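Biologist: I am new to this structure and would like a close look at one part of it. Please take me through it step by step.

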Amino acid sequence: MTETADKASYIKGLAWLLLGTGVAVVLAFGIAPFVRAVPFGWERSLAQVIQPVPPADVCAGTFQQRALLKKLMGRLYPLDKNDSRFSFDVHILNSAQVNAFAELGGEIFIDKGLLQKARSPEEVAGVLAHEMSHVSRRHILEGFLVRVMTFQGLQLIFGPSVSNAQWAALFMNMGFTRSQEAEADRGALERLQKAHIDNRGFEAFFERMARSGSMPEFLSDHPSNESRLEMIKEFPNGYTRPVMSDEEWKVFKAYCR
Ligand SMILES: [Zn+2]
């Protein structure tokens, strides 16, 4: 064998060894620690390529409603140094469903149906804080990568031309695991406490939805009410400030109507 061939087979062997080690490490530790190391800027770039929700569904809102949404977000973000690693864009969707979800790159969507069901701005703040935690704990990117690695995902990437609708279908109803939901609840309670927002809104909304028997899909994998109540005890309300006045809440609630 020549020296060059020797070298080539050595490099090939090394590549296989590295690949094998990589797979073993991911299997042992899960994908989460690696996903958390991905810079958020990359996730944002990816989000610009893949946009599951057509902008036509997003409500423009009035000048005052947009200002109130900004005010609400201003209370929740940024709260600490870690927050500066992320950014968020919140949109209200023209949909009667009681739903909220986060997409890649910190894009958060709240259905107008959820606003109409909410009884206080603190309830909306609780839902928002929960979705923000899914983003900052990189659950969205993790779910995305797992989906892409499925057969259906690989087929789309390596298959012939792929329509936008096919892409969108791949990322619809991207559910979270129960432990991710518990993590997002914990993150939400931490955020509400730091923001001096009364967490009884968070508690009330989730409890009411559970009791109504028509649990929205985005809440279906959430921890039971008992374990949520236990968790809430770990984050007692200190001094709290209202998110908006009663007058402002009336205006905000009518977003998209
Ligand atoms: Zn969730």
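What do the buried residues of α4 pack against?

Modeller: They pack against α6, α10 (178-194) and α13 (246-253). One caution before the details: this is a predicted model. The chain has 257 residues, and 28% of them count as buried. It holds 13 helices and three strands. Among contacts with a separation of 6 or more, 71% join residues 24 or more positions apart.

Start with α4 itself. This helix covers residues 63-76. Its 14 residues, at 1.5 Å a residue, should span 20 Å, and the C-alpha atoms at its ends are 20 Å apart, so the expected and modelled lengths agree. The buried residues in α4 are Leu68, Leu72, Arg75 and Leu76. Viewed down the helix axis, the buried residues of α4 fall within an arc of 105 degrees, so they line one face of the helix. There is a general reason to look for such a pattern. An α-helix has 3.6 residues a turn, so residues three or four places apart point the same way. The other side of α4 holds exposed residues: Phe63, Lys70 and Gly74.

Now cross over to α6, one of the partners of α4. A good entry point is alanine 125. Neighbours within four places in sequence aside, alanine 125 is in contact with three residues that are buried in α4, namely Leu72, Arg75 and Leu76. Its other contacts beyond that range are Leu192, Ile197, Gly201 and Val243. Leu192 falls in α10, so alanine 125 touches two of the helices in this story. Ala125 also matters for the count of core neighbours: in the largest nonpolar core, which has 42 residues, Ile110, Ala125 and Leu128 touch the most other members. Helix α6 (residues 121-136) gives the most to this core, with seven residues.

The same helix leads to the strands. α6 lies across β1, β2 and β3, and runs at about 25 degrees to β2. These three strands form an open sheet in the order β1-β3-β2, with mixed pairing. The edge strands, β1 (89-93) and β2, each pair on one side only. On average, neighbouring strands of the sheet are turned by 20 degrees against each other, direction ignored.

Take the pairings in turn. β1 and β3 pair in the parallel sense over five bridges. There, histidine 91 stands opposite phenylalanine 109, and leucine 93 stands opposite aspartate 111. β2 and β3 (residues 107-111) pair in the antiparallel sense over four bridges. Here, alanine 102 has isoleucine 108 as its bridge partner, while glutamate 103 stands opposite glutamate 107. The hairpin of β2 and β3 has three residues between the strands, and glycine 105 takes a positive phi near 75 degrees.

Last, look at burial in the strands. In β3, five of its five residues are buried. Glu107, Phe109 and Asp111 point one way, and Ile108 and Ile110 point the other way. β2 (residues 100-103) is covered on both faces: Ala100 and Ala102 are buried on one side, Phe101 and Glu103 on the other.

Key. Residues are numbered from 1 along each chain as its sequence is written. This is a predicted model: local features need pLDDT of at least 70, side-chain atom pairs count only at pLDDT 80 or more; totals for chains, interfaces and linings use all residues. A nonpolar core is a set of buried Ala, Val, Leu, Ile, Met, Phe, Trp, Tyr and Cys residues joined through C-beta atoms within 7 Å. A residue is buried if 20 or more other C-beta atoms lie within 10 Å of its own, exposed if 12 or fewer, and partly exposed in between; C-beta atoms are placed from the backbone. Two residues are in contact if their C-beta atoms, placed from the backbone, lie within 7 Å. The expected span of a helix is 1.5 Å times one less than its number of residues. The arc is that of the directions from the helix axis to the C-beta atoms. Two strands pair if DSSP finds at least two bridges between them. Axes are lines fitted to C-alpha atoms, for helices over the stretch in contact, and angles run from 0 to 180 degrees between N-to-C directions.
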